[in-house]
Every structure is written in C-alpha cells, then in structure tokens.
Amino acid sequence: MTLRAKLILAQAPLALVLVLFGVASVTTISLLGQGPELILKDNYRSVLAAERMLQSLERLEAVALAHSTGRPAEGDPAEWRSRFEKELLAQEHNITEPGEDAATGRLRQRWSEYQHAFERIRSAPSREQLTYFFEALEPAYRRAQAAADEILALNQDAMASKAERSRRAAEQNRTLVVVATIGALTLGLILSLAMTARLLRPLGVLSQTVRRIGEGDLQARARVEGKDEIAALAGEFNTMADRLAEYRSSSLGELLQAQQASQAAIDSLPDPVLVLDVQGGILNLNRAAETMLRLGAGGVPPAVEALEPALRAVVERVRIHVLSGKGAYLPHGFEEAVRIESSEGDRHLLPRAPPLYSEQGGIIGVTIVLQDVTRLMRFDELKNDLVATVAHEFRTPLTSLRMAIHLCADELVGPLTDKQADLMAAARADCERLQGIVDDLLDLSRIQSGRMELKLEQIEVRTLLESGAAALRSAADDGRVELFVSPPAESVEVQGDRERIQLVLTNLLGNAVRHTRPGGRVEVGAFVAGSAVRFEVRDTGEGIAREHLDRIFEKSYRVPGARSGGVGLGLFISREIIQAHGGTMGVKSEPGRGSTFWFTIPAAERRPAAA
Ligand code: ADP
C-alpha cells in the first residue's frame with residue numbers, strides 16, 4: 001500500500017465518525033419533525049371538525065328555538081346542516097385514535113336523530129312546537145353535542161400526549177446524540193492516532209539507523225517491512241550503507257596494506273630511521289633504530305628522551321634546522337657523525353633529514369636517517385693514512401729530483417742543447433706541480449690528524465701581497481693575465497704563520513690566474529676591516545656557478561669540466577689554515593663576471609713606534 005493510501009486510511013476513522021454523526025443528526029431532526037406533523041394531520045383536523053359541528057348544531061338549535069317561539073330566525077338552517085354534514089364526513093375520514101371510530105359512529109347516529117327531530121318540529125302545528133322543542137329536540141341536541149364533545153376531547157387528549165411524547169423523544173435523542181458523538185469521536189481519535197503511530201514507526205527506525213551510521217556504526221541497517229515509499233527509502237538507504245561499509249573496508253584494507261608496505265620498506269633499511277612530529281615526539285621508527293639505538297624495548301613507547309645525550313642533541317639540532325624551513329638537512333662531512341655505543345661496538349652515525357609535508361604544504365614532521373658510516377670512516381682513515389705515507393715517502397726523492405733537474409736546467413752541470421733545455425723546462429714545471437700536490441697532501445694529513453702547528457709572527461701585509469704576486473708573476477705573464485697588487489693605504493701587520501698565509505695567497509692567485517682568459521686581470525689587495533685585515537683576490541675570469549659555490553671549499557671537490565691545477569685540495573687546505581688563524585674565508589662569484597675570494601686574519605697589535 002502506498003504512503004498516500006496509508007495516510008488517507010489513518011484519517012478514515014475520523015471521517016467515518018463525521019459521516020455517522022451527520023446521518024444520526026439528519027435522522028433525529030426528521031424524527032423530531034414528524035411529531036408536530038402527525039399532530040397536525042391526525043388530530044388537529046378532527047378538533048377543527050368537532051368545533052365546527054358544535055357551532056353548526058348551536059346555530060340550528062337557535063333557528064329551531066326561534067321557529068318554535070314564532071320569532072323570525074337568523075340564517076339558513078340548510079346551510080348549517082350541509083356544513084355539519086361536510087365536517088362529519090371529514091371526521092369520518094380521519095379516524096386515528098382508539099375509540100374515535102365508535103364515537104364518530106355515535107355522532108352520526110345522534111345527528112340523524114337530531115335531524116329527524118328538527119324536521120318534525122318544522123312540520124308540527126305551531127302550538128305544539130315549543131313543547132316539542134323542549135321534549136324532543138333539546139335532548140337530541142344535548143346528545144349530539146355530547147358525541148361531538150367526546151370526539152373533541154379524544155383528539156385534544158391525543159394531541160397533548162403526542163406533544164409530551166415527542167418532547168421526551170427529543171430529550172432522549174439529544175442524550176443519545178451527545179453520547180454517540182463523544183464515543184465515536186474518542187474511538188475515531190484513538191484509531192487515527194494508532195494508525196498514524198503505526199505509519200510513522202518505520203520513519204523512527206530509519207532515523208535511528210541514520211544516526212547510528214553517522215556515529216560510525218556501518219553495520220546498522222534499517223529493517224522496514226512493506227512496499228510503501230518509506231520501505232523503498234529504507235531499501236535505498238541500506239544499499240548505500242552496504243556500499244559505504246564495502247568502501248570503508250576496502251579503503252581501510254588498502255590503507256593498512258600501504259602502511260605495512262612502507263613499514264616493511266623502512267624496516268629493510270640497515271640504517272636507523274626516526275620519524276618525528278613537530279613537537280619532537282617519535283611517530284615511527286624502523287627495526288634498526290629499535291635495536292641500534294635501544295629504543296622501544298620492553299614495550300615502552302619510544303621517546304627521544306631515551307636516546308644517548310650526544311645523539312639526542314644532534315636529533316634536536318637537525319629537527320630545529322628542518323622545522324625552521326631551511327629545507328632538508330644534509331651533512332657536510334664525516335666530522336658531523338655522532339659516535340654511539342651499540343651491541344656491535346662503537347658506531348658512527350651521520351644524520352640527514354628531509355621534512356615531512358602535509359597535503360597543504362606545511363611541515364608536519366621530520367624523517368631523520370642516521371646513516372651508519374662506521375665502515376666508510378674507517379676506509380677514509382685508511383685512505384688518509386695511505387696518502388700521508390705516500391706523500392711523506394715522495395718528499396725526499398722528489399727533493400733530489402727537483403735539485404737534479406734544477407742543476408741540469410740551469411746548465412750548472414754542463415751545457416744543454418735547445419731541445420734538451422725545453423725538455424728540462426717542462427720537466428721542471430711538472431716537478432713543481434708534483435711538489436705542490438705532495439705539499440697539499442701532507443698539509444691535508446696534518447690537518448686531518450689535527451697536527452697543524454702555526455709559527456706565529458707579525459707580518460707586514462704589503463710584503464705578503466708582494467711576495468704572493470711575485471710567485472705567480474711568470475705564470476701570469478705566460479697566460480697573458482695582468483696581475484695587480486693594491487696594498488693597504490697605511491702599513492699594517494697581521495699575526496700569523498708567514499709560510500701558511502703565503503700558501504693561501506698563492507693558492508688563490510694560482511686559481512685566479514688559471515681561470516682567467518688571456519687579456520684578463522687579477523688583483524690582490526688587502527684593507528683593514530675592524531680588528532682584522534681582509535685580503536681579497538679578484539679576477540675577471542670565468543666565475544663559478546651558484547650550485548658549486550657552496551661546495552668548492554669541500555675536500556677534493558672540483559668544478560666538473562673546469563681546468564684544474566691540483567686534486568681539489570687547494571681551497572679546503574686554505575680555509576683550514578685561515579680558520580686555524582681564527583679568520584674566515586669566502587667567495588663571491590658569478591659565471592662570466594669573475595670571482596672574488598676573500599679571507600680575514602686578525603690584525604697584529606700595533607708595536608710601539610720606538611721599536
Ligand atoms: P684545484 O687545486 O683542483 O684547483 P681548488 O680547491 O683550488 O682545487 O679549487 C676547487 C675548484 O674551484 C676548482 O675545481 C675550480 O674549478 C674552482 N675555482 C677555484 N678558484 C677559481 C676561480 N678563481 N675562478 C673559477 N673557478 C675557480
């Protein structure tokens with residue numbers, strides 16, 4: 001049954017009550033209307049007839065009296081007789097009450113007796129007339145009158161009792177109608193309410209199910225019987241809930257799978273990995289982190305506080321770096337590795353940390369990979385040792401080689417042909433280069449073993465600049481590069497290791513000359529900057545691309561494709577030397593517009609003028 005039909009049906013009891021009420025009212029009204037009508041039809045006519053007959057009798061009696069006494073009579077007796085006759089006929093046709101029939105018969109008989117008497121009095125001799133009137137006519141009149149009165153009384157009584165009856169019937173009807181109306185209304189209301197409640201029950205079930213689904217219980221279903229619109233709606237709703245549950249289970253399954261896959265991926269890494277949230281709490285970690293860093297053992301939720309202090313400091317530093325929006329944290333060298341004690345002995349861990357981004361692009365965490373560089377560092381140490389040994393072993397033979405070539409090239413041991421002189425010159429240049437490399441390697445090993453000792457003295461800046469320029473003069477001439485010295489305006493001294501600062505200057509000048517095309521210009525200068533002297537080596541050479549600028553000071557880093565003078569150690573060693581002096585070193589450069597390398601050395605305290 002459709003919803004509309006059910007709604008209409010729910011109103012039906014009330015409508016039925018209304019109809020019944022209407023029918024009852026109409027019936028009652030028409031019943032009540034019948035009472036007076038009956039009285040009018042049955043009795044009033046008889047009363048009227050009786051009265052008229054009495055009147056006619058009276059008139060006839062008056063005529064008879066006048067006639068008997070010899071006075072002139074008023075009116076025509078024939079007219080009154082016919083009037084009486086007409087009314088008696090009407091009465092004979094309107095017999096309605098018990099006893100009325102007999103009374104009417106009596107009246108008919110007495111009327112005819114009265115007529116006889118009346119006729120006889122008219123035909124009687126006039127002296128007998130009066131006697132006759134009193135002896136015969138008068139008693140006949142009385143009897144006819146009594147019969148008419150009887151009919152009159154009979155009908156008047158009937159009228160009174162009928163009026164009483166209809167009044168009682170009206171009263172009864174009123175009570176009946178009131179009781180019936182109240183009863184039917186109550187019944188109709190109860191039925192209507194019950195049906196409406198029954199009709200609305202499925203809606204309640206449906207809304208309860210909707211609420212449960214909204215609260216996350218995807219197993220809830222609306223059980224609604226029937227074939228109406230609400231049942232159809234419940235059916236559609238259940239289908240939707242099925243799909244939702246299916247989707248939830250499938251997407252949850254996929255999510256779990258993806259999560260397991262990514263956990264398996266980070267677990268397979270041999271290096272410890274920590275995923276931290278913005279507050280520094282550990283969101284996730286891999287198995288290597290659990291074992292190597294002894295985190296999360298014994299069911300305790302892993303926390304950064306459980307890390308060794310040194311490692312904790314590094315993790316904090318890296319996290320702050322990433323959260324400050326400087327991008328991923330990348331280590332610069334093995335120096336940054338932290339040493340921790342683990343079950344497999346000491347381990348060196350090098351941190352690197354990419355940020356975790358939310359969908360909106362904000363940083364929501366940090367992934368810290370602690371690369372285990374223990375083996376790499378051991379190799380590095382081995383390599384350094386080897387390099388140091390080799391460089392050291394090269395020194396003595398190289399010195400005698402240089403000496404021999406020097407003696408030969410200067411023809412101190414005999415004259416040379418032009419060809420031999422050329423060969424000797426080339427050999428001498430290569431020997432110098434080799435010496436430079438060996439010196440670099442030795443410096444490097446000294447720096448790495450922390451054995452760089454500075455022989456500090458007060459050095460006049462101008463002499464430093466000039467001797468540096470002098471060392472590169474011939475190379476500059478060969479490369480047709482102009483070399484300028486711009487010394488500070490006044491005499492100024494620095495506190496430093498002459499030989500080492502000299503080495504830095506020749507390194508920078510050598511690089512500048514090498515990377516400048518013929519016709520270019522190199523300038524070395526210095527000026528006082530606060531408590532330090534700032535040295536600058538400017539060239540108009542090829543410049544350095546931005547991406548290499550940060551890295552050229554790293555050990556063994558060379559710009560790919562650029563002309564090289566050594567093994568990429570020059571700038572690294574130079575910066576170490578400057579830092580050992582308490583200064584800083586840097587570069588400004590743009591491709592095609594030349595480079596400016598600068599460094600600072602603390603200025604020497606001024607000697608008293610007398611000294
Ligand atoms: P190398 O001894 O191999 O030249 P350096 O450490 O001195 O190594 O220099 C590192 C790199 O820096 C070089 O490969 C070179 O390309 C680049 N470089 C150094 N100085 C200059 C300069 N003045 N102009 C252009 N490139 C330079």
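**Strand 13 and Asp271**

Visitor: How many bridges join strand 12 (residues 585-589) to strand 13?
Guide: Strand 12 and strand 13 run antiparallel; strands are DSSP runs of E, at least two residues, numbered from the N terminus, and two of them pair if DSSP finds at least two bridges. The model is predicted: local features need pLDDT of at least 70, side-chain atom pairs count only at pLDDT 80 or more, and totals for chains, interfaces and linings use all residues. Residues are numbered from 1 along each chain as its sequence is written, and side-chain values use heavy atoms, without hydrogens and water. The number of bridges joining strand 12 to strand 13 is five.

Visitor: Which residue in the turn of this hairpin has a positive phi?
Guide: Five residues lie between strand 12 and strand 13. Beside the turn, Ser589 has Ser595 as its bridge partner. A positive phi of about 85° belongs to Gly592.

Visitor: Which residue in strand 13 stands opposite Val537?
Guide: Strand 11 (residues 532-539) pairs with strand 13 in the antiparallel sense, over seven bridges. Opposite Val537 stands Phe597.

Visitor: Is strand 13 largely enclosed or open?
Guide: Seven of its eight residues, 595-602, are buried, meaning under 20% relative accessible area with a 1.4 Å probe, protein chains only. Strand 13 is therefore, with respect to the rest of the structure, largely enclosed.

Visitor: How far from Asp271 is the nearest side chain of opposite charge?
Guide: Asp271 sits in the loop between helix 5 (229-267) and strand 1 (273-277). Asp271 is buried but has no salt bridge, that is, no side-chain nitrogen of Lys or Arg within 4 Å of a carboxyl oxygen of Asp or Glu. The nearest opposite charge is on Arg352, at 7.6 Å.

Definitions and conventions:
Helices (H or I, at least four residues) and strands (E, at least two) are DSSP runs, numbered from the N terminus. Buried means under 20% relative accessible area, exposed over 50%, partly exposed in between (1.4 Å probe, protein chains only). Lys and Arg count as positive and Asp and Glu as negative; His and the chain ends are not counted.
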